[in-house]
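Work through the exercises below with the sequence and the 3D view side by side. Try each task before reading its solution.

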Amino acid sequence: MPPAGRALLGSFAVALAGWEWDVALLQEVPPWWPGPLAAFAGADERHVLTSRNLGLPLRRAVALRDPDLLGANGGGVNAILVRGAIHEHRSVRLRRLPERRLAHGVRLVDGTWVVNVHAHNAPPERALADCERARAAALDWAGGAPLVFGGDLNLRRPVLAGLHLVAGNHVDHVLARGFDGRGRVLDRGRLSDHPPVLATLE
């Protein structure tokens with residue numbers, strides 16, 4: 001709020017490309033965005049369809065004409081963008097109802113797994129159940145390799161066994177295994193209701 005009155009893909013692409021990052025985790029972006037965002041940022045991408053994608057061609061047509069009319073109902077995907085090579089991509093369904101939720105992850109060139117999560121938003125017990133399912137899958141995919149686990153967890157203070165919190169803001173967090181780190185919140189202007197969290201990992 002207030003309504004944008006215009007398509008925002010270009011503004012998002014400029015903002016995202018302008019920040020320094022190696023891997024970006026995006027939740028609930030329009031399904032036609034990951035490719036252009038990745039190309040503009042000089043990255044590769046993998047994505048999974050989440051919720052509100054029934055009748056996607058019609059949703060896209062309306063959203064392109066008037067993005068404020070549909071808002072989040074324009075359709076959703078979660079995406080991982082990597083400025084580098086992606087060696088493997090996996091996903092797991094966290095729930096079907098009341099909205100479809102998935103976690104997905106990529107294996108980087110050094111063997112590190114990076115997993116992107118968008119958990120259900122209410123009640124907190126559902127969010128925690130989604131995060132636990134995603135955590136179990138992430139640990140299985142990674143085996144003994146380093147692991148980064150992040151996204152919109154819809155938890156204020158996530159505690160997940162085997163992972164420690166390295167950065168966060170409100171419900172958006174980055175946890176890790178095999179890394180120490182620190183985080184800060186970036187200025188996103190009015191592009192999103194979620195300020196982006198930047199995690200620096202070592």
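**Exercise 1. The sides of helix 2**

Which residues in helix 2 are buried? Find them in this predicted model, then work out how they are arranged around the axis.

Solution.
- Step 1. The buried residues of helix 2 include Pro34, Leu37, Ala38 and Ala41.
- Step 2. An α-helix has 3.6 residues a turn, so residues three or four places apart point the same way.
- Step 3. Pro34, Leu37, Ala38 and Ala41 span an arc of only 95° around the axis, and therefore lie on the same side of helix 2.
- Step 4. Ala39 and Phe40 are exposed and sit on the face of helix 2 turned away from the buried side.
- Step 5. Helix 1, strand 1, strand 2 (44-49) and strand 3 (77-82) are what the buried residues of helix 2 pack against.
- Step 6. Gly35 also has its place in helix 2. With a relative accessible area of 36%, Gly35 is partly exposed, and its C-alpha atom is 9.5 Å from that of Ala79, 44 residues apart along the chain.
- Step 7. After helix 2 comes Gly42, with a positive phi near 70°.

**Exercise 2. Two aromatic pairs**

Classify the aromatic pairs of the model by ring geometry, and state which parts of the chain they link.

Solution.
- Step 1. The count of aromatic pairs is two.
- Step 2. In the pair of Phe12 and Trp33, the ring centres are 4.9 Å apart and the planes stand at 55°, so the pair is tilted. The cut-offs behind this are under 30 degrees for stacked and over 60 for edge-to-face.
- Step 3. Phe12 belongs to helix 1 (residues 9-18) and Trp33 to the loop between strand 1 (23-29) and helix 2 (34-41), so the pair ties together parts that are 21 residues apart in sequence.
- Step 4. Phe12 is partly exposed at a relative accessible area of 23%, whereas Trp33 is buried at 9%.
- Step 5. For Trp113 and Trp141, the ring centres are 5.8 Å apart and the planes are at 35°, so this pair is tilted.
- Step 6. Trp113 is in strand 6 (residues 113-118) and Trp141 in helix 5 (residues 124-142), 28 residues apart, and the pair links distant parts of the chain.
- Step 7. Trp113 is buried at 2% relative accessibility, and Trp141 is buried with a relative accessible area of 11%.

**Exercise 3. The nonpolar cores**

How many residues does the largest nonpolar core have, and which of them have the most contacts inside it?

Solution.
- Step 1. The largest nonpolar core has 20 residues, and Val115, Val117, Leu147 and Phe149 have the most contacts inside it.
- Step 2. At least two residues of this core come from each of strand 6, helix 5 and strand 7 (147-152).
- Step 3. Helix 5 gives the largest share of this core, seven residues.
- Step 4. Val115 can serve as an example. Beyond its neighbours within four places in sequence, its contacts include Leu25, Ala103, Ala138, Trp141, Leu147 and Phe149.
- Step 5. Another core, of 17 residues, lies apart from the largest one, with Leu8, Leu26, Ala41 and Val77 among its residues.

**Exercise 4. Backbone exceptions**

Most residues other than glycine have a negative phi, and most peptide bonds are trans. Locate places in the model that depart from this.

Solution.
- Step 1. Between Leu97 and Pro98 the peptide bond is cis, with omega near 0°. Pro98 is in the loop between strand 4 (86-95) and strand 5 (101-108).
- Step 2. Ala122 and Pro123 are joined by a cis peptide bond with omega about -5°. The loop between strand 6 and helix 5 holds Pro123.
- Step 3. Asn154 is not a glycine, yet its phi is positive, about 55°. Asn154 is in the loop between strand 7 and strand 8 (164-169), and it is buried, with a relative accessible area of 17%.
- Step 4. His170, a residue other than glycine, has a positive phi near 60°. His170 is in the loop between strand 8 and strand 9 (172-177), and is partly exposed at 44% relative accessibility.

Note on methods:
Residues numbered from 1 in each chain as written. Predicted model: local features only at pLDDT ≥ 70, side-chain atom pairs only at ≥ 80, totals over all residues. Heavy atoms only, no water. Phe/Tyr/Trp six-rings, centres within 6.5 Å; stacked < 30°, edge-to-face > 60°. Helix = DSSP H or I, 4+ residues; strand = E, 2+ residues; numbered from the N terminus. Buried < 20%, exposed > 50% of the residue type's maximum accessible area, 1.4 Å probe, protein only. Core = buried A, V, L, I, M, F, W, Y, C linked by side-chain atoms within 4.5 Å. Contact = heavy atoms within 4.5 Å. Arc of directions from axis to C-beta.
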